[in-house]
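Q: I'm new to reading protein models. Could you walk me through this one, feature by feature?

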Amino acid sequence: MAAPLNLLTDIEGVAVGHATDLALGSGVTAIVFDEPAVASGSVLGGAPGGRDTALLDPSMTVQAVDAFVLSGGSAFGLDAAGGVQAGLREIGRGFQVGNVRVPIVPQAILMDLLNGGNKDWGRHSPYREMGYDAFKATAKGAFTLGTIGAGTGASTATFKGGLGSASARTSAGHTIAALLAVNAMGSATVAGGPHFWAAPFEQNEEFGGFGLPQKFTESHSALRLKGVNLKATTIGVVVTDAVLTKAQAHRLSIMAHDGLARAVLPAHLPGDGDTIFSAATGTKPLDDMTAFAELCHLATIVTARAVARGVYEATALPVPKAQAAWRDKFDSPAK
């Protein structure tokens with residue numbers, strides 16, 4: 001079942017903030033932990049962009065992170081982590097190195113440079129300041145989904161992409177949640193209709209309640225791409241309040257990719273940079289491997305649901321020839 005907010009902030013000790021520029025057609029999302037969280041991640045797309053992703057390998061020394069950053073802007077967007085790092089440094093956060101603290105802020109970026117927004121920003125990109133603004137905006141509790149933060153300029157093969165989130169609770173009482181910026185080269189919907197590939201996992205009509213088509217044809221699974229030469233990428237995080245090792249957190253990120261593959265067809269293409277970070281705040285011990293297996297299973301489910309919610313909640317950019325949003329065509333749930 002979903003946790004109360006059905007958002008990443010259902011995890012105690014996690015705050016989320018956004019910086020959004022509709023004229024730019026891009027944005028930044030910061031995920032900040034009250035205390036350093038054991039973290040890992042995995043990259044399965046063929047064209048990734050990231051910062052400090054190598055340290056997330058289970059064999060690497062650093063075990064925990066202070067924050068994650070998701071950003072538009074392609075490689076220009078990698079400046080955003082510096083802004084979040086600056087905000088963390090101001091409040092004394094970071095990995096202790098001698099008498100210096102170094103905030104650990106892995107980041108993933110998506111490609112939104114060709115969505116019609118004004119990218120003529122001059123010598124320096126705006127992303128470092130947007131990262132700082134996103135950090136300053138971080139808060140607990142409810143937050144907006146869709147065309148906001150890292151999901152601002154996102155797109156898919158069929159409809160406008162966006163920022164989505166979902167949460168669930170295990171039978172043992174652990175909470176797990178995902179947050180995804182959905183900018184897939186493939187499609188989150190079955191052809192151009194209202195049905196989401198993630199429909200079997202939907203709860204409480206969170207993305208329209210249309211279910212799946214009554215009958216599938218060969219055309220439903222035909223290849224749909226938003227452009228062979230356009231880079232894409234779905235990026236996100238999956239977080240739990242369970243006590244996990246770094247290796248277990250890594251496994252959680254892999255399971256989350258299974259959810260991405262259930263919600264986007266096709267996923268992990270050569271032009272996608274699909275990256276999912278994972279973290280454990282460590283407030284609730286796990287009893288046994290069965291409890292961990294359920295957590296892995298739900299990582300798949302919440303990721304799939306978050307992808308569909310990101311597209312369902314999106315609105316079109318206010319630019320000429322902007323990609324239409326799902327709600328531009330389907331504005332009410334099925335009865």
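A: Sure. One idea before we start: two residues are in contact when heavy atoms of theirs lie within 4.5 Å. Keep in mind too that this is a predicted model.

Q: Which elements cover the buried residues of α2?

A: With that idea of contact, the cover of the buried residues of α2 includes β1 (14–21), β2 (26–43), β4 (64–71) and α1 (80–90).

Q: And which residues of α2 are the buried ones?

A: Buried means under 20% relative accessible area. In helix α2, residues 127–136, that applies to Tyr 127, Met 130, Gly 131, Ala 134 and Phe 135. They span an arc of only 140 degrees around the axis, so they sit on the same side of α2. Turn to the other side of α2 and you find Arg 128 and Lys 136 exposed.

Q: Why do residues three or four places apart point the same way in an α-helix?

A: An α-helix has 3.6 residues a turn, so a step of three or four places brings you back to the same direction.

Q: Let's zoom out. How many helices and strands does the chain have?

A: Its secondary structure comes to five helices and eleven strands. The radius of gyration is 18 Å, close to the 20 Å that the globule rule gives for 335 residues, so the chain is as compact as a globular protein of that length. Along its principal axes, the C-alpha trace spans about 60 × 55 × 35 Å.

Q: What share of the residues in the chain is buried?

A: Buried residues make up 58% of the 335. As for the surface, the chain exposes about 13,400 Å², and carbon and sulfur atoms supply 53% of that.

Q: How do I read contacts along the sequence?

A: Take the contacts with a separation of 6 or more: residues 24 or more positions apart account for 80% of them. Ser 42, in strand β2, makes a nice example. Leaving aside neighbours within four places in sequence, Ser 42 is in contact with His 250, Ser 253, Ile 254, His 257, Asp 274, Thr 275 and Ile 276.

Q: Is Ser 42 buried or exposed?

A: Ser 42 has 9% relative accessibility, so it counts as buried.

Q: Where is Val 238, and what does it touch?

A: Val 238 is in strand β10, residues 235–242. At 0% relative accessibility, Val 238 is buried as well. Not counting residues up to four places away in sequence, Val 238 touches a list of residues that includes Ile 176, Ala 177, Leu 252, Phe 277 and Val 302.

Q: What about the backbone? Which residues does a cis peptide bond join?

A: Look at omega, the angle about the peptide bond: the bond between Leu 265 and Pro 266 is cis, with omega about -10 degrees. Pro 266 lies in the loop between α3 (246–263) and β11 (275–284).

Q: And what is phi of Ala 191?

A: Phi is another backbone angle, and for Ala 191 its value is near 55 degrees, which is positive in a residue other than glycine. Ala 191 is in the loop between β9 (175–181) and β10. Lys 321 is not a glycine either, and has a positive phi of about 60 degrees. You'll find Lys 321 in the loop between α4 (289–312) and α5 (326–329).

Q: Are Ala 191 and Lys 321 buried or exposed?

A: Ala 191 counts as buried, at 14% relative accessibility, whereas Lys 321 is exposed, with a relative accessible area of 87%.

Terms used. Residues are numbered from 1 along each chain as its sequence is written. This is a predicted model: local features need pLDDT of at least 70, side-chain atom pairs count only at pLDDT 80 or more; totals for chains, interfaces and linings use all residues. Side-chain values use heavy atoms; hydrogens and water are left out. Helices (H or I, at least four residues) and strands (E, at least two) are DSSP runs, numbered from the N terminus. The radius of gyration is taken over C-alpha atoms; the globule rule is 2.2 Å times the number of residues to the power 0.38. Buried means under 20% relative accessible area, exposed over 50%, partly exposed in between (1.4 Å probe, protein chains only). Accessible areas come from the Shrake-Rupley method with a 1.4 Å probe; for residues, only the protein chains shown count as cover. The arc is that of the directions from the helix axis to the C-beta atoms.
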